[in-house]
Amino acid sequence: MIRLININKFYHSTSEKFHALKDINLTFGQRGMHFIVGKSGSGKSTLLNIIGGIDQYDSGDLIIDDVSTKDFSSKDFHTYRNSYVGFVFQEFNVLKGLNVYDNIAISLDLQHKNPKEYHKEVQAIIDRVGLTGLEKRMMNQISGGERQRVAIARALIKNPRIIIADEPTGNLDSNNSKIVMDLLKDLSRDHLILIVTHNKKLANKYADRVLEIKDGRVISDTGDIETGETPLSLKPITTPIKTSFNLALKAVMLFKYRFIFMILLFALSLTFAGVVVNLSLADTTGEYAVYQKTYGNEYVALQKKYYNNNNIHHKKKPVPN
Ligand code: ADP
Ligand code: MG
């Protein structure tokens with residue numbers, strides 16, 4: 001269960017302090033499709049980001065399963081986000097360099113799971129979001145609606161308690177919007193789904209509850225809060241080195257030519273830097289002194305005009321009379 005108690009949020013721009021959320025008091029249970037609607041700039045995303053632990057509130061309290069987040073460190077929020085919340089954004093948070101399967105499996109990689117063991121789990125999620133048969137397709141080989149389903153699958157694979165979606169259908173046509181909303185509705189039977197939208201029609205069609213925000217305040221709250229209790233357990237998640245390496249390798253393979261060009265450029269700049277360093281550090285005065293010592297004045301004599309002009313370098317000492 002999530003509770004917001006007197007939450008206030010300010011944004012500090014260069015000249016003024018902007019009061020983005022004003023005394024927000026809300027409770028969310030374990031399930032259901034909860035819509036947050038309101039005009040642009042009303043504070044919808046700010047509210048969602050605070051609930052998802054992406055942004056921090058300035059006063060009040062956010063309580064997650066009876067645990068106050070007042071004293072949460074940034075590491076605690078990181079753990080909360082990773083173990084408890086799945087994010088779906090309008091910009092399709094998918095990785096372009098990976099195919100459908102890898103985009104979903106990567107989350108389990110990040111949880112140190114064994115690829116052989118998680119295969120069934122990944123396939124089940126792919127089937128659940130309706131992407132069966134598209135496993136090997138890259139992100140530019142599927143439609144916008146399918147990409148959004150990959151994003152939902154990525155959020156889902158962590159088995160989060162909450163799924164947070166900020167305008168998840170903002171870039172989709174009505175047919176794809178319906179597919180995505182139907183999927184989220186299906187998931188809302190055992191997940192808490194929080195969706196920001198400015199599409200009231202969509203909200204009224206799918207919502208169990210609609211919250212309306214205006215100027216940072218909740219002005220209406222209709223529907224079912226739906227509560228239930230499961231103890232909060234936070235387990236820290238770190239990126240295994242193997243996953244980081246694989247990701248880097250895939251990025252390199254995706255941009256092969258750019259990578260080769262970068263290496264060449266790097267080598268060229270190293271050579272240039274070497275020349276510059278040599279030039280600036282070379283002790284020319286010292287070199288000149290050594291020459292003078294070894295060859296007498298021959299070094300200067302290399303310039304012919306001096307040589308011919310009175311033969312200054314081999315001038316005999318005047319013989320005293
Ligand atoms: P919504 O999602 O409803 O369009 P937001 O929550 O994004 O609204 O923003 C609410 C208000 O806070 C807006 O007036 C916006 O300009 C302001 N705001 C949002 N983010 C910032 C920020 N990082 N710095 C300053 N002001 C911000
Ligand atoms: Mg927004």
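With which residues is Ser 42 in contact, leaving aside its neighbours within four places in sequence? In this predicted model, the residues concerned are Ala 20, Ile 213, Lys 214, Asp 215 and Gly 216. Ser 42 itself belongs to the loop that runs between β3 (32-37) and α1. With a relative accessibility of 5%, Ser 42 falls in the buried class, because that class covers residues under 20% relative accessible area. A polar atom of the Ser 42 side chain is placed 2.6 Å from the backbone oxygen of Lys 39. The backbone of Ser 42 also faces the ligand, with one of its polar atoms 3.2 Å from an oxygen atom of ligand 1.

The chain as a whole provides the setting for this site. Its secondary structure consists of 12 helices and 10 strands. The chain has 321 residues, of which 39% are classed as buried. When contacts between residues at least 6 apart in sequence are considered, 70% of them connect residues at least 24 apart. The exposed surface of the chain amounts to about 19,100 Å², and 56% of this area is supplied by carbon and sulfur atoms.

The surroundings of ligand 1 were examined next. The shell is made up of Tyr 11, Phe 18, Lys 39, Ser 40, Gly 41, Ser 42, Gly 43, Lys 44, Ser 45 and Thr 46. Sorted by class, these residues comprise 6 polar, 2 nonpolar and 2 charged members. Helix α1 (residues 44-51) contributes 3 residues, the largest share of the shell. In addition to the contact made by Ser 42, a backbone N or O atom of Gly 43 is found 3.0 Å from an oxygen atom of ligand 1. A polar atom in the side chain of Thr 46 is placed 2.5 Å from a ligand oxygen atom. Of the 560 Å² that ligand 1 exposes when taken alone, the protein buries 59%.

Thr 46 is part of helix α1. Its relative accessible area is 9%, and Thr 46 is therefore buried. When residues up to four places away in sequence are not counted, Thr 46 touches Lys 9, Tyr 11, Ala 20 and Leu 21. The C-alpha atoms of Thr 46 and Phe 10 are 10.0 Å apart in space, while 36 residues separate the two in sequence.

Strand pairing was then considered. In general, the strands of a sheet are paired by backbone hydrogen bonds, in either a parallel or an antiparallel sense. One open sheet contains 4 strands in the order β2-β1-β4-β5, and the pairing is antiparallel. The edges are occupied by β2 (17-28) and β5 (67-68); each has a single partner strand, so one side of each has no neighbour in the sheet. Strand β4 (residues 59-64) is joined to β5 by 2 bridges, the two strands running antiparallel. Within this pair, Val 67 of β5 stands opposite Ile 64.

A parallel arrangement is found elsewhere in the chain, where strand β6 (residues 85-89) pairs with strand β7 (residues 162-166) over 5 bridges. In this pairing, Ala 165 of β7 is the bridge partner of Val 88. Strand β6 is largely enclosed by the rest of the structure, because 4 of its 5 residues are buried.

How values were computed
Residues are numbered from 1 along each chain as its sequence is written. Chains are lettered from A and ligands numbered from 1 in the order in which they are written. This is a predicted model: local features need pLDDT of at least 70, side-chain atom pairs count only at pLDDT 80 or more; totals for chains, interfaces and linings use all residues. Side-chain values use heavy atoms; hydrogens and water are left out. A residue is near a molecule or strand if one of its heavy atoms lies within 4 Å of it. A polar contact is a pair of N or O atoms within 3.5 Å; within protein, one must be able to donate a hydrogen and the other to accept it, and residues adjacent in sequence count only if both atoms are side-chain atoms. Accessible areas come from the Shrake-Rupley method with a 1.4 Å probe; for residues, only the protein chains shown count as cover. Ala, Val, Leu, Ile, Met, Phe, Trp, Tyr, Cys and Pro count as nonpolar, Asp, Glu, Lys and Arg as charged, and the others, Gly among them, as polar. Buried means under 20% relative accessible area, exposed over 50%, partly exposed in between (1.4 Å probe, protein chains only). Contact means heavy atoms within 4.5 Å. Two strands pair if DSSP finds at least two bridges between them.
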